[in-house]
Structures are given as structure tokens and as C-alpha cells.
Number of protein chains: 2
Amino acid sequence: MTTLVFGHKAPDTDSTGSPLIWAWYLSEVRGEPAEARLLGAPNTEAAFVAERWGFDLPPVLDDVEDGQPCVVVDTNNPAELPANINGADLRSIIDHHKLTGGIETKGPIDITIRPLACTATIMHEMMGEKAAGMPEGIKGLMLSCILSDTLEFRSPTTTPVDRALAEKLAAELGISIPDYAGEMFAAKSDVSAFSEAELLRMDSKEYEVGGTRLRVSVLETTAPASVLGRKDALMAAMPAVAEEDGADEVMLFVVDILNEEATLLVPNDRVKEIAEASFDTTVEGDTVVLPGIMSRKKQIIPALRT
Amino acid sequence: MTTLVFGHKAPDTDSTGSPLIWAWYLSEVRGEPAEARLLGAPNTEAAFVAERWGFDLPPVLDDVEDGQPCVVVDTNNPAELPANINGADLRSIIDHHKLTGGIETKGPIDITIRPLACTATIMHEMMGEKAAGMPEGIKGLMLSCILSDTLEFRSPTTTPVDRALAEKLAAELGISIPDYAGEMFAAKSDVSAFSEAELLRMDSKEYEVGGTRLRVSVLETTAPASVLGRKDALMAAMPAVAEEDGADEVMLFVVDILNEEATLLVPNDRVKEIAEASFDTTVEGDTVVLPGIMSRKKQIIPALRT
């Protein structure tokens, strides 16, 4: 039975590229038939990356059947996985996020979680000497995952291991990292086709902070003006998104990749209070600029308080 | 601050030896000060092994303080760990059990779970080339952990990786595996000093099966007669142990290492029903012999039904 390899819902580049990388490794190196799947439509950067390196987008998977062999990558959070994940035959997890604690396996399986910037970097380590056999397309995906998750090494999640691997891959591929990252970020920044509700959910995770359920959304862009120009419509869409998703508030951080700062939308007094308590700032008006803030995992979530 | 390395409560040889092995690796190879701890008195085999290879038993740890750097080995189940484990600074987990789902980390950490027989085998893999520098005592602990968890390669949890490593270590140490395993198992079989309640809790895990909470206890021994000679007293002690520990029933499997079979004590009709539903057998009297049953993880737990 073919093993399905997939990342999290609302797939970004790492959750699109890493399943393709690992399905290649399982099928071609380890001789275990495997195919990549997506848990939803990928973002525009991930779609650009797949096409750039010659891959069709993997089919979208709605749920997994009982006993379906699966490999989960780039998450260990059941809220970001198919509803029946605990009924599937989960073979392994490869991830770089905190342990969430909702997945229970039937027996001991392979679990590899490392505090690296990107799942693809962990896969490179796990492949060992076999990584030398990666074809150009797989190398290109791996480079793209690292550049995406590190925002071209600007994010504080970047480790020397991620950076050294990206530079090695770029050299082998004859790629200029600044030029290629620029193309990727331009693709990610083209969000004109998405509705406000889609933008609020595109890269979003839920957290409970002091009893308040927050949907913490991030939009990484090289063109913040195109998002902030829609700020009134985005704030108007927040109450319905929050209600549908069972959250109390939506916090949208528009991350300006090139200027290394985030602009938080402040639709009401509750979000204003949270912003002032969390980021040592004073909010005037309906936005606040947070210099240096790039990473939800390393900077936003640890700071949030009510 | 010194990192504390510990395994599960009611420490066996792997949960005593693996913390000593990893504390050596962190301190001596990686230059990160670390010390082993025990979460209770080790069993007689573990105490024999530590003395045989020249180690003092690590101090017993009651709980961990907030922010204490910790490495957890040979378990990922919070029920088997200090009460404040989620308040500690958990640095990594190295384990070979199923993912239980109760630990939540503050950020991404190193987690390595592999379906191998023994935690020490995983540590050997993680050390890579550095394993060549292990002193004799560390090699002896590693060999002991493998022989203990595999019951000298008799348990179906044994993998070729565990076996090959044990044979390599024994050769380097100039040790006869049959002779040394015989000494270990004799030490484990000397349970004369323990009360019935202590025997029921010595190697025991709780599971819920069809709404019934079971304390599933195993005693691995080369002298089953010495345990089964206390069968009436053991069964008499079960109701109080079950009540104190919040279980409905205690199921004690006396594993005869040399004859590769288990004898289950059957104190009442409820346990009789479970035994007959789970093991395709008919129970007459207050014990039942289960040929070939050696492993709670691989054979008993997957079979249990009500």
C-alpha cells in the first residue's frame, strides 16, 4: 500500500516541498512506494516553487482512511491534520515545531523533531550520504523550503545548519540566492486573488493566551502596502472569521520581509490591550509597527500575554 | 546549570543505564554538564548492572523545579515522569515507546523516537562516530540495556540493529553473552526481598481497555516457581493495589525467560473474561499459561480486549 506523505493544512512552501522530498526519498532510495499529498490549496509561493522545479502540485487529501500508511511532516498538531489521523497507520513524523501532545500512536514509530528552521533541513540530515543522490528538482525544493521558512536567513529561527545547507544547494544548482528568494517572495506577495477571509486564514494558527482564544495570522510579504491597503476590509472580515473558527480575536501580523518589521492590525480595544501588554508598545490608531518582528514561533507567540 | 537525565518511574535496566550513558555523552563528548537521576529505586537487575560496571546508583529525584534543564529517556509518558515535567526546561526526549501525547514543550526541541528494542541502541546511533570513544563501563551499560530489554534476543521487540550492536559490544568487552545475561536474569529473578504489592508495581503500566482500567504488570524471571509459589498472596494483594492506583484490575504476567512463556494470574471472573477474550485460551483455575508471550509492548497490549 502506498504511503502518503503530507504536511499541515493551509500548506506553505515547507509543507508542500517537504512531502515531495520525502516521497522521493522513500520511493527512490528506500524502495517504499510513497506519494505526496496536500491538505488544501498551497499558497502562491508554494505553487510557484513546485512549478519552478518541475513538479505537479500533489493531490489534495480530505481525510485518511483507517489503516492508511502515512508520514506526517512539518507538524505534530492534530488540529492541522486530517480528522482521522489517529485511525491511520502513522509510520513516522518529521517536524521542527514544539510537541503539541494530541497525537497518540498505536506502537513505537520513527519520530524526529529538531529545532531547525525547516523540515527539509531535517530530511537532509536523515538522508545522510544518500542526500548526494538527490536530483536537481529535489535539491531545488529543499533550497526553496529553507529560503521560505528562514525568509532568506532573516528570521531568528535560522540556524547555521539551515544556512550552510541552502548555500551548498544553491552553489550546486548554480542559483543566486538573492535573485531566487526575490522571485519566491514576489510570488508569495501576490495575494490579489484572495478574499479577506482567505488572507486571514492563509498562514494562521490558534493559541489560547490567558483564557482568550487567538487566531494568530501572519502574512509575509515584500509588498506590505498591497495588504495594508486592504486594512479596513480585513478588519471588517475579522469578526466573522473569528466566530466561524471558534476564536475570540484575529491578530493579523503583516511581516515586511525586506524591512524586517511587522505591522499588526488593531481592530478593537481587546487587541489593543493584548498588543500593548505583549510588545512593550503604545498603539495609536488601528495599526502598530513592531520593528524586528519576523517569526510567529520565536517572537510573537512567546511574547503574547493579556 | 547541570542537565538532569532520567528515565521512567520504577526504573529497570534501560531506565537506569541509558541516563548514565547519555549523561556521559553530554558531559564528556559534547561538553554540556549533565548527571543521571533515577525516579525511584531501581530493580535488582539494574542495581546489579550498575555495580558490575563500576557505577554508583544515580540519586533519586522526587520532582523537577521550574526551568530545570532535563533530558527524558526511555519514556514520553507524563504519568511515568516527575509531576512538574511540563514546568521544566525539557531539552530532548530519546525513546522507543509509542507516542503517548501528554507532554507539551514550550518550543521545538530534539525528539528522537525509534522502534528499536532499547533506548541505549538509539543513543548509539545518535552518537555516530563518537560512540567509538565510549569507555568500557559505558559499553557495558549499553550491552546490559539491550540484553535486558530483549531478554537476550528472545523478545519479539528485538531488531537486527539491537542484536548486532550487543554482539559487537560483547566482543569488544570480551564478554560471553549467555553467561552475562544469565547473571543479569538471576539478579532480576531474586525478588525475595519485595512485598507482594512491590512485585505488582515493579514493572507495571496502566492502560484503559474497553472502559476498564488495567494495571498490566510483568515479572520477567528465570525462576518462575519462586514467584508463582507466592500466587495466593499476590492475588490477595491485588484489590488494595488496584484501589490505591485507581485501576479496576491488576493483571500480573510472570514471564518465564528461558521457556519463553508467560503465566497470567487470574484472581476473578473479570480477569478470566479478559484473558479468554484476548489470548484465545480457556482459563481453568487461577492461572493460565500463554506460550510464546514475552513482550507487553508487542504481544500483551495489542491483544488486550474485554
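## Exercises: two domains, two chains

In chain A, the centres of domain 1 and domain 2, taken over C-alpha atoms, lie 26 Å apart. Before you dig in: this is a predicted model, where local features need pLDDT of at least 70, side-chain atom pairs count only at pLDDT 80 or more, and totals for chains, interfaces and linings use all residues. Residues are numbered from 1 along each chain as its sequence is written, chains are lettered from A and ligands numbered from 1 in the order in which they are written, and side-chain values use heavy atoms, with hydrogens and water left out.

### Exercise 1: the domain contact

Work out which residues and bonds join domain 1 of chain A to domain 2 of chain A.

Step 1. Get the bounds: domain 1 covers 3-186 and domain 2 covers 196-303 in chain A, with bounds that come from an automatic or database domain assignment.

Step 2. Count the contact residues: 14 come from domain 1 of chain A and 14 from domain 2 of chain A, where contact means heavy atoms within 4.5 Å.

Step 3. Now the area. Between these two domains of chain A about 1,200 Å² is buried, and carbon and sulfur atoms give 62% of that. Buried area here is the accessible area (1.4 Å probe) that two parts lose on being put together, summed over both. On the domain 1 side, A:L151, A:R154 and A:P156 supply 43% of the area buried against domain 2 of chain A, more than any other three residues.

Step 4. Look for charges: the two domains of chain A share 2 salt bridges, each a side-chain nitrogen of Lys or Arg within 4 Å of a carboxyl oxygen of Asp or Glu. A:R154 turns up again here, since its side chain meets that of A:E260 in a salt bridge (3.7 Å, N to O).

### Exercise 2: a long-range pair

Find how far apart in the chain the partners A:E80 and A:K205 sit.

Step 1. Check the bond: A:E80 and A:K205 form a salt bridge, with the closest N and O atoms 2.9 Å apart.

Step 2. Place the partners: A:E80 is in the loop between β3 (69-73) and β4 (89-95) of chain A, while A:K205 is in strand β6 (residues 204-209), 125 residues apart. Helices (H or I, at least four residues) and strands (E, at least two) are DSSP runs, numbered from the N terminus.

### Exercise 3: the two chains

Show how chain A and chain B are related, and what they use to meet.

Step 1. Superpose them: a rotation of 180 degrees, with 0.1 Å of shift along its axis, puts chain A on chain B at RMSD 0.1 Å. The fit is by least squares on the C-alpha atoms of residues with pLDDT of at least 70 in both. The two copies are thus related as by a two-fold rotation axis. In chain A, A:G101 has the C-alpha nearest that axis, 2.0 Å from it.

Step 2. Compare the surfaces: 100% of the interface residues of chain A are also interface residues in chain B, so the copies meet through the same surface. The contact involves 21 residues of chain A and 21 of chain B.

Step 3. Add the area: about 1,900 Å² is buried between chain A and chain B, with 54% from carbon and sulfur atoms.

Step 4. Finish with the bonds: there are 4 salt bridges between chain A and chain B. In one salt bridge, the side chains of A:R114 and B:D110 meet at 3.4 Å, N to O. Strand β5 (residues 110-113) of chain A gives the largest share of the side of chain A touching chain B, 4 residues.
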